[in-house]
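User: I would like to work through this model with you, one question at a time. Please reason through each answer before you give the value or name.

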Amino acid sequence: MEPGNDTRISEFLLLGLSEEPELQPLLSGLFLSTYLITVFGNLLIILDVGSDSHLQTPMYFFLPNLSLVDICSTSTTVPEMLMNIQTESKVITYAGCITQIYFFIVFAVLDVFLLAVMAYDHFVAICHPLHYMVIMNPRLCGLLLLVSWVICILHSLLQSLMVLRLSFCTEVELPHFFCELNQMIQLACSDNFLNNMVMYFASVLLGGGAFAGILYSYSKIVSSICGISSAQGKYKAFSTSTSHLSVVSFYCTMLGVYLSSVATQSSHASAVASVMYTVVTPMLNPFIYSLRNRDIKRALKAFFVTEMQRGQLS
């Protein structure tokens, strides 16, 4: 594409997952139902943990935060897509696109950081059970959460400012359902070498560092579980980490699918693959944590019983 009057560009076109008119109602219904399930399921986890005194422990301190981040992450992309389908408009303003990039990066990276922190929490609980409450004290939990937020905000701010330095052609079409950083950088008419370097370096440093921490934590957890003599003890120790390990495994699988689509430079495949980690995974998290965790299931049951009793009294 030849550069045009790039200083006056005011909007982009989001082509979405498909341009077929007959598929738009199906996509709208599918994404709307997925979004509602995501919001309701994660909100239920937040209310459940907050209302049950038995879950006011360091182990469940990070779970409602993960649910909140999942709600926010999905809310940065899906509502915009639904609105575009309903209004039959693919336009998003330049400012709106930069804003979407900023908030999506914040919550996407924060998701990974929280998974790493939760892996460390499980490592301490299983490998150092006698010192768990001393190590995972409220101050450390709050500090881990605060540091995660600060790093993600600064990283997202850097990436967003780097996009602002790029020049775009007068007509820009994004083959995606939201403003994704990699797609924006590749569509720039000006030199994007520095942007690519910063993006890849940050991905390796932050994403690679977080996943290295997760792998280290679980290698120690597996080693510790193998050292337990009784079968019942092994089962109890392993059952505390199955839900979190399931989420991590799903994230890694979906991220691998997305990275492979990016490597093949297929825009459509990249957009479809990104649905898995931006929409599907946040929707599945509440089911994974509620169905595979006895404490959460017990608390949910008590929560519904209490609400039903309040309804009957009123």
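Analyst: Two strands are taken to pair if DSSP finds at least two bridges between them. The model is a predicted one, and on that criterion β1 (residues 11–14) and β2 (residues 91–93) pair, since their antiparallel arrangement holds 3 bridges.

User: How many helices and strands does the protein have, and what percentage of its residues is buried?

Analyst: The protein has 12 helices and 3 strands. Among the contacts between residues at least 6 apart in sequence, 78% join residues at least 24 apart. Of the 314 residues in the protein, the buried share is 46%.

User: What is the order of the strands in the sheet?

Analyst: β1 is joined to β2 in the antiparallel sense, and β1 is also paired with β3 (residues 173–174), in the parallel sense and over 2 bridges. The pairing in this open sheet of 3 strands is therefore mixed. Each of β2 and β3 pairs on one side only, which makes them the edge strands, and the order is β2-β1-β3.

User: Which residues stand opposite E11 in β2 and L13 in β3, and which residues make up the covered face of β1?

Analyst: E11 has T93 opposite it in β2, while L13 has E173 as its bridge partner in β3. In a regular strand the side chains alternate between the two faces of the sheet. In β1 the uncovered face carries E11 and L13, and the covered face is made up of F12 and L14.

User: Which helix packs on the sheet, touching β1, β2 and β3?

Analyst: The sheet, with the order β2-β1-β3, is touched on each of its strands by a helix spanning residues 94–127. The direction of this helix makes about 80° with that of β2. The helix is α4.

User: Are α6 and α8 roughly parallel or roughly antiparallel, and how many nonpolar residues belong to their contact?

Analyst: Helix α6 (residues 138–164) packs against helix α8 (residues 193–226) at an angle of about 165°, with 10 Å between the axes. Because angles over 145 degrees count as roughly antiparallel, α6 is roughly antiparallel to α8; the crossing is left-handed. From α6 the contact takes I151, H155, L158, Q159, M162 and V163, which meet L194, N195, V198, M199, A202 and L206 of α8. Charged residues are absent from this contact and 3 are polar, while the number of nonpolar residues is 9.

User: Is D48 buried or exposed, and which residues does D48 touch beyond four places away in sequence?

Analyst: D48 belongs to helix α1 (residues 24–51). Because its relative accessible area is 0%, D48 is buried. Leaving aside residues up to four places away in sequence, the residues that D48 touches are L55, I296, A299, L300 and F303.

User: Which residue follows α3 with a positive phi, and what is its relative accessible area?

Analyst: Within helix α3 (residues 78–87), the buried residues are V78, E80, M81, L82, N84 and I85. Most residues other than glycine have a negative phi. The residue that follows α3 is E88, whose phi is positive, near 55°, and E88 lies in the loop between α3 and β2. E88 is exposed, because its relative accessible area is 75%.

Note on methods:
Residues are numbered from 1 along each chain as its sequence is written. This is a predicted model: local features need pLDDT of at least 70, side-chain atom pairs count only at pLDDT 80 or more; totals for chains, interfaces and linings use all residues. Side-chain values use heavy atoms; hydrogens and water are left out. Buried means under 20% relative accessible area, exposed over 50%, partly exposed in between (1.4 Å probe, protein chains only). Helices (H or I, at least four residues) and strands (E, at least two) are DSSP runs, numbered from the N terminus. Contact means heavy atoms within 4.5 Å. Axes are lines fitted to C-alpha atoms, for helices over the stretch in contact, and angles run from 0 to 180 degrees between N-to-C directions. Angles under 35 degrees count as roughly parallel, over 145 as roughly antiparallel, 65 to 115 as roughly perpendicular and the rest as oblique. A crossing is left-handed if the near helix is turned anticlockwise from the far one by less than a right angle, and right-handed if clockwise. Ala, Val, Leu, Ile, Met, Phe, Trp, Tyr, Cys and Pro count as nonpolar, Asp, Glu, Lys and Arg as charged, and the others, Gly among them, as polar.
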